[in-house]
Amino acid sequence: MTGINISRRRLIELGRATASFTLAAAAIPGPVLAQTGGRPGARGRPMPANVSLPSRPTRPRPGSVGYAIVGLGDYALKQMMPRFDRSQRSHIAALVSGNPEKLARVGDAYGVPEDARYSYEQYDRIAADRRIEAVYIVLPTGLHADFAVRAFAAGKHVLCEKPMALTSADCERMIAAARRADRKLMIAYRVHFEPHNIEAMALMQRRAVGNIRFVRTEQLSRTDPSSTPSENWRISRTLAGGGPLEDYGIYGLQSALYLTGEMPESITATAFRPANDPRFTEVFASVASQLRFPSGAVAQLATSYDAHGSNIAHVLGDTGALIMDPATSYEGHEMRLEGRERRSFSLGDPTVQFAGQLDHLSDAIRDGAAIRTPGEMGLRDVRLMEAIYAAAESGRAVRLDPDGQMRR
Ligand code: NDP
């Protein structure tokens, strides 16, 4: 036994989640990430519900890096833009949006000059705007690569939301464009700047649970049953790839890598798409995968758009366990060690992760500091997701090279 206190209710929920993976094999129409159809277009969307805009703009700190925010959606407006206030070296210099009314309202609230507000059609004009040094891409995933490549062509640095892109070929295109332009490329993996996750990495490095045997991660939630791909990009193949794995399953994948400190050598997986559910005509409902590492450790990752909410990372070693629940959320993290070392952690405010990642890129731009979450990390993760889908499609273990490329 692991010694972990898992409630009976949680065990039943876990049982239900895993049963759905094993009961039905997915009908996968070809490699998911590689078959995203034609290139999708950018289009404006309404103002999200419950956005609170600042009552007065903050003045940029002298010498701080000016960012253009591309895409004024839920995450940009509710999480990231308000956090510029807490950054030391980053400010909002420009906005790019397909919704003119929202652009005006948000621009006024954040004090962005009218001539620094761009539509998608005007995006390439940022090249001539010296107020913009970096572009923060907060668009649906299927649009990341094109907008990043155009930002590099305009001579700007890029902070790109996760996942980096829908295919490894697009990731390689972005990395090549960054190199050509001699500009920085960072993937917005905020958990690398979150105190509990940073401490967890350090604990695992000093073998606080002994030799790692198992990692279990879950990123689960339930998408509104009335959603359709035309109004929710997260369930549209061209914008979201296979669905929950790219969206937040990627956090479980990341956790498995940074907690073990290893790259998997082989992967097996199952993906599930129920029949007659309008939410899952284009994406999977659930993906479960198993990663085997060279040390012998095994990670089991579950992600779903159709399961009771969960966000955990558990590491089980031969002398103890690390329990993170929630593990990779915006706030409210809880973390404890069990076994030989028993303690709970209270590590301050997890929301420092948002400003932390902004200033990290600004430090790299100003001082040439190395980027903790570079494009190469984004490419690695997209390669691993391609391997997960390939394993699900073939029903066989996919073997991997150390850089995450599938062995032919
Ligand atoms: P939303 O749907 O809330 O917003 C996306 C915005 O992108 C829209 O409001 C719109 O902005 C713009 N857009 C341009 N073209 C399209 C299109 N064809 N369909 C839909 N929207 C379009 O998404 P989120 O804000 O939740 O996610 C955006 C990005 O942020 C994704 O890459 C996602 O993975 C990432 N994300 C990261 C999180 C993290 O924890 N790091 C958490 C949540 C999301 P406008 O109207 O201004 O043109």
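**Figure 1. An open sheet of 6 strands with parallel pairing.** In this predicted model, the strand order is β3-β2-β1-β4-β5-β6. Two strands form the edges: β3, residues 117-118, and β6, residues 185-187. Each of these edge strands pairs on one side only.

**Figure 2. Pairing of strands β1 and β4 within the sheet.** Strand β1 covers residues 65-70, and strand β4 covers residues 134-137. The two run in the parallel sense and are joined over 4 bridges. One residue pair can be picked out here: I69 has Y136 of β4 as its bridge partner.

**Figure 3. The protein as a whole, with its two assigned domains.** The protein contains 10 helices and 15 strands. Its radius of gyration is 21 Å, close to the 22 Å that the globule rule gives for 408 residues, so the protein is as compact as a globular protein of that length. The C-alpha trace spans about 60 × 45 × 40 Å along its principal axes. Each domain is assembled from two segments of the chain. Domain 1 comprises 8-191 + 366-374. Domain 2 comprises 194-348 + 381-399. Taken over C-alpha atoms, the domain centres are 22 Å apart.

**Figure 4. The ligand between domain 1 and domain 2.** Both domains give residues to the shell around the ligand, so the ligand lies between them. In total, 27 residues surround the ligand. The closest are R45, S97, K102, Y120 and R190. By residue class, the shell divides into 12 nonpolar, 7 polar and 8 charged.

**Figure 5. Ligand oxygen atoms beside L72, G98 and H144.** Backbone and side-chain atoms both appear in this view. At L72, a backbone N or O atom lies 2.9 Å from an oxygen atom of the ligand. At G98, a polar backbone atom is 2.8 Å from a ligand oxygen atom. H144 contributes through its side chain: a polar atom there lies 2.9 Å from an oxygen atom of the ligand. Taken alone, the ligand exposes 890 Å², and the protein buries 93% of that area.

Note on methods: Residues numbered from 1 in each chain as written. Predicted model: local features only at pLDDT ≥ 70, side-chain atom pairs only at ≥ 80, totals over all residues. Heavy atoms only, no water. Near = heavy atom within 4 Å. Polar contact = N/O pair within 3.5 Å; in protein donor to acceptor, adjacent residues only side chain to side chain. Areas by Shrake-Rupley, 256 points an atom, 1.4 Å probe, with all protein chains shown as cover. Nonpolar A, V, L, I, M, F, W, Y, C, P; charged D, E, K, R; others polar. Domains from an automatic or database assignment. Pairing = 2+ DSSP bridges. Rg over C-alpha atoms; globule rule 2.2 N^0.38 Å.
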